[in-house]
Amino acid sequence: MFQSFRLSMAWLHTWFGLTLGFVLMVVFFFGALSVFDREIDRWAVPQSRFEPQPIPSFDKILRPVFEQMQPTQEAIAEMAPRVNGPMPETYPVIERMGAYTTHRDPVLNLFIGFDVPNAKDPEEAIWAYRTIDPRNGASLPDDRLKIGSEFFYPLHYSLNLHWRDIGTWIVGSAALVMLAALVSGVVMHRKIFREFFTFRPGKTSQRSVLDLHNLTGVVALPFHFFFALTGLVIFAGIYFPVGHTQLDPLHEMSERLEAAETGLPHDRAGVAAPLASVDAMVADAQRRWHEKGMAGEVGFLTLQHVGDANGYVSVYRAGTDRIALTGEGIHYKAATGELLREDPAPGFVDNLNEFLTGLHLQHFRHWLLRWLYVLGGLTGCVCIATGFIFFVEKRKRQHAKQGIQGARLVDALAVTTVTGMVLAALGMLIANKLLPDSLPAGWPPRGDLEQYAFWGSWLLAFIHALARSGPVAAGRLSPAWAEQCRAIAVLAPLAVLLNWIITGDHLLRTLSALYWPVAGLDLCLLASAGVALLAAAKLKRRALAAPAIDTAKREAAHA
Amino acid sequence: MRITGHHPLWRIAAAVLGGYAFTWGFIALGMAGAFALGMSFHDAEHLTAIIGFLIYLVLFLWAFAARSLARVWAVTAGGALVMAGAASLIQHQLT
């Protein structure tokens, strides 16, 4: 099909990069935002604007909350197709429950899984979630969407399309294509070293766009490659569910062997048993970590087979001082508090896997590295966006002559995924502040309305980009770029202003209190507005200059 | 457009589906084999996944670069069948 290796790689790079590049833009942009997902949560949920807290007393604070938790009507309806017969009336048996926090969380996430005896998959439980203020156990209103960690972050890896994990599969294909685009991109350009230092902003827009595409691709190549690969590894269980399909019997066998070896029961005994003091177990775990010279905050606490004689409590350390995730688990018998097991030091594969996934998920405390991740993610966005623009610049005059709409459509989609995506995020933040504290009866939950604002703003940006794309079909620049930049320049400061009016936390107050989660997002919003204004001004100059060049060329050609 | 044997769609199918099948076979055989040799199930799962995605990438690129598309299909589909079959045999022996 292709005459040479390089041509085959160029074809692959162009067409796969174009089709999955739109997905990659979303993944890179919201991945960059997810680095500060907890901070965006603070901005969105003013009730949670206080300092991060350690996991509180289980016996005094958490246990009463867990005892009230029940699956929601939505969760019951969602699981109904996966049971034989109707859903149970009550959920008396708790299979697993726990709490999870990081060094950036003021509020605490609790989860609980109830046994569903007639589930088609006997291992499947029905889950309930709650967010509490760990200082007093008070629950946050459950219609508060944590925009950072519950919307932007899952958007990064699943596009928030959860039906049969379809979004995660699309993102996975995009990640594989990202890897292929990086390799094929290197093959296409033999002068890879020179690309490092080449940026000619004064040249034609097609040439300088390509320079920028190569520069951002090459400079951040290890970053892009590493994140695409580790992203795939994190979800390997979804992409290649070998252990739950073909090798399920082997998996089951290994789990039973492991349960026998670790002494942590795989199943319930069927004999009721009380729960000893979990606080005493946590204190014992912290003493054991301290003896090993490790920071002793608890990151993850779980209870398995709750209320059963086989029940056990696992205490994991928060991984703030290392790359791998939570770890050094210590397990206790729930009924007596007797030590069952201390996890052994991880082996080579565990170390490798935790290093790779931990470096992607970054639960560690390192603010400079966090910012470098944001920078890397945005560099990826520049790389992909300039790829789109190069595609359009290279073809739009040709397409204009032939009357093809291809460049026009790609340009409109590029506007939608570059500036339109920023507008969608801004629309959501603004809705978050404009919606009243308690909604009238009969309205959808607050968080749902915020999500509608996101998708609605994005749809509007797409319609606008398409409606204004006419000039591209004539070989000129679409005015949608500059117009959407101006919209960003208006909406971003509006979000900052609304945050001030509604919550009273203006920049002077948050900056003088050094409350970075809110001050940081406000400053970033203002900076985006500044960049958008600069871009709009530059685009205006270019749009004014472009027809003149075209006419000059045409005149020269006629002469 | 007529879809002949030379249409890019066949290349894309070989890259995506053939590459996936081969990688599945590799992961299955790697997991069963490493487990049989004494590695823990989840260690084997993680290790083969990390290597598996790199193999998928190489096959994906090769499907476009290779002169003979038939060879790509033979290697990916054939390799997938042989390795997945071997994995099931090992599992049968162990359980």
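1. Just after helix α5 of chain A comes Leu159(A), a residue whose phi is positive, near 55°; helices here (H or I, at least four residues) and strands (E, at least two) are DSSP runs, numbered from the N terminus. This is a predicted model, in which local features need pLDDT of at least 70 and side-chain atom pairs count only at pLDDT 80 or more, while totals for chains, interfaces and linings use all residues. Residues are numbered from 1 along each chain as its sequence is written, chains are lettered from A and ligands numbered from 1 in the order in which they are written, and side-chain values use heavy atoms, with hydrogens and water left out.

2. Helix α5 itself covers residues 147-158 of chain A and is mostly covered, 9 of its 12 residues being buried, where buried means under 20% relative accessible area, exposed means over 50%, and partly exposed lies in between (1.4 Å probe, protein chains only). Among the buried residues are Phe151(A), Phe152(A), Pro154(A), Leu155(A), His156(A) and Ser158(A). The cover over the buried residues of α5(A) includes α1 (5-34), α2 (37-44), α6, α13 (348-361), α15 (406-434) and α16 (446-467) of chain A.

3. Which residues does Thr168(A) contact, once its neighbours within four places in sequence are left aside? They are Tyr157(A), Ser158(A), Phe235(A), Ile238(A) and Tyr239(A), a contact being heavy atoms within 4.5 Å. Thr168(A) has its place in helix α6 (residues 166-188) of chain A, and with a relative accessible area of 4% Thr168(A) is buried.

4. Confidence in chain A should be read alongside these details: its pLDDT averages 91, and 95% of the residues score at least 70, pLDDT being the predictor's confidence in each residue, from 0 to 100. Over residues 551-559 of chain A, however, the pLDDT is below 50, and this stretch has 0 contacts in the model beyond near neighbours in sequence.

5. Over all chains the structure holds 27 salt bridges, each defined as a side-chain nitrogen of Lys or Arg within 4 Å of a carboxyl oxygen of Asp or Glu. One of them joins Arg268(A) to Glu95(A), with the closest N and O atoms 3.3 Å apart. This pair links distant parts of the chain, since Arg268(A) lies in the loop between α11 (248-262) and α12 (278-291) of chain A and Glu95(A) in strand β1 (residues 94-100) of chain A, 173 residues apart. Arg268(A) counts as partly exposed at 28% relative accessibility, whereas Glu95(A), with a relative accessible area of 19%, is buried.

6. Another salt bridge lies within a helix: the side chains of Arg256(A) and Glu252(A) meet at 3.2 Å, N to O. The two residues are 4 apart in helix α11 of chain A and are therefore separated by about one helical turn. An α-helix has 3.6 residues a turn, so residues three or four places apart point the same way. Arg256(A) is partly exposed, with a relative accessible area of 43%, and Glu252(A) is partly exposed as well, with a value of 27%.

7. In helix α12 of chain A, Glu291(A) and Arg287(A) are likewise 4 residues apart, about one helical turn, and their side chains meet in a salt bridge (2.8 Å, N to O). Glu291(A) is exposed, with a relative accessible area of 59%, while Arg287(A) is partly exposed, at 41%. Salt bridges that share partners join Asp284(A), Arg287(A), Arg288(A), Glu291(A), Lys292(A) and Glu342(A) into one network.

8. Turning to chain B, there are 3 helices and 0 strands, and the C-alpha trace spans about 50 × 25 × 20 Å along its principal axes. Of the 95 residues of chain B, 48% count as buried. Among the contacts in chain B with a separation of 6 or more, residues 24 or more positions apart account for 71%.

9. How many residues does each chain bring to the contact between chain B and chain A? Chain B brings 36 residues and chain A brings 41. The two chains bury about 3500 Å² between them, 80% of it on carbon and sulfur atoms, buried area being the accessible area (1.4 Å probe) that two parts lose on being put together, summed over both. The count of salt bridges between chain B and chain A is 0.
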